[in-house]
Amino acid sequence: MITISDNADQTTAINIFTVESPEQQQRIVDFLVENQEIPMRQPGFISASVHTSLDGKRVINYVQWQSKKDMEVAMKDPDFVAMKEKVGGFAPHDFNFYQVVVTMEPH
């Protein structure tokens, strides 16, 4: 089960794609699923979650890493870099790194 934790050592990469249509949205999802083994074989990879907006205009790829260092190592792997560059060419996107600072759930 995927868990979002406020562990200070973990780093999250969030990539938000803006697309023109649900078909483009699905193309990005399909690509990420077809290439899932590339990030999964990287040291420190925890999980990836792909979200699609209900209006068909956005895809969010949420990737968790054990540490910032693990993520930086992955960003130097040739297969990982090639995958990132290819999916980045599908649509305009915003790619940044984050730290979870708080999680909330009902008691």
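**Exercise 1. Find out how much space the largest cavity holds and what lines it.**

The largest cavity of this predicted model has a volume of about 40 Å³. Next, look at its walls: the lining consists of Ser-5, Asn-7, Gln-10, Thr-11, Thr-12, Gln-64, Gln-99 and Val-100. Finally, sort these residues by character: 7 are polar, 1 is nonpolar and none is charged. A search of the whole structure gives 1 cavity of 30 Å³ or more.

**Exercise 2. Classify the ring pair of Phe-31 and Phe-90, then place it in the chain.**

Start with the count, which comes to 4 aromatic pairs. In the pair of Phe-31 and Phe-90, the ring centres are 5.2 Å apart and the planes stand at 80 degrees, so the pair is edge-to-face. Now locate the partners: Phe-31 belongs to helix α1 (residues 22-34), while Phe-90 is in the loop between α4 (78-88) and β4 (93-98), so 59 residues separate them and the pair links distant parts of the chain. Both Phe-31 and Phe-90 are buried.

**Exercise 3. Do the same for Phe-45 and Trp-65.**

Here the centres lie 5.7 Å from each other with 80 degrees between the planes, an edge-to-face pair. Phe-45 is in strand β2 (residues 45-52) and Trp-65 in strand β3 (residues 58-65), 20 residues apart. Both Phe-45 and Trp-65 are buried. To finish, widen the view: ring pairs join Phe-45, Trp-65 and Phe-80 into a cluster.

**Exercise 4. Which ring lies under the charged end of Arg-27, and which under that of Lys-84?**

For Arg-27, the charged end sits over the ring of Phe-90, 3.9 Å from its centre. For Lys-84, the ring is that of Phe-95, with the charged end 4.3 Å from its centre.

Methods
Residues are numbered from 1 along each chain as its sequence is written. This is a predicted model: local features need pLDDT of at least 70, side-chain atom pairs count only at pLDDT 80 or more; totals for chains, interfaces and linings use all residues. Side-chain values use heavy atoms; hydrogens and water are left out. On a 1 Å grid over the protein atoms alone, a cavity is a set of points where a 1.4 Å probe fits but cannot get out, and a pocket is an open set with protein on both sides within 12 Å along at least five of seven lines; lining residues have an atom within 4 Å of a point. Grid points are joined across faces, edges and corners, and a volume is the space filled by probe spheres set on the points. Ala, Val, Leu, Ile, Met, Phe, Trp, Tyr, Cys and Pro count as nonpolar, Asp, Glu, Lys and Arg as charged, and the others, Gly among them, as polar. Rings of Phe, Tyr and Trp (its six-membered ring) pair if their centres lie within 6.5 Å; planes under 30 degrees apart count as stacked, over 60 as edge-to-face and the rest as tilted. Helices (H or I, at least four residues) and strands (E, at least two) are DSSP runs, numbered from the N terminus. Buried means under 20% relative accessible area, exposed over 50%, partly exposed in between (1.4 Å probe, protein chains only). A charge sits over a ring if NZ of Lys or CZ of Arg is within 6 Å of the ring centre and within 35 degrees of the ring normal.
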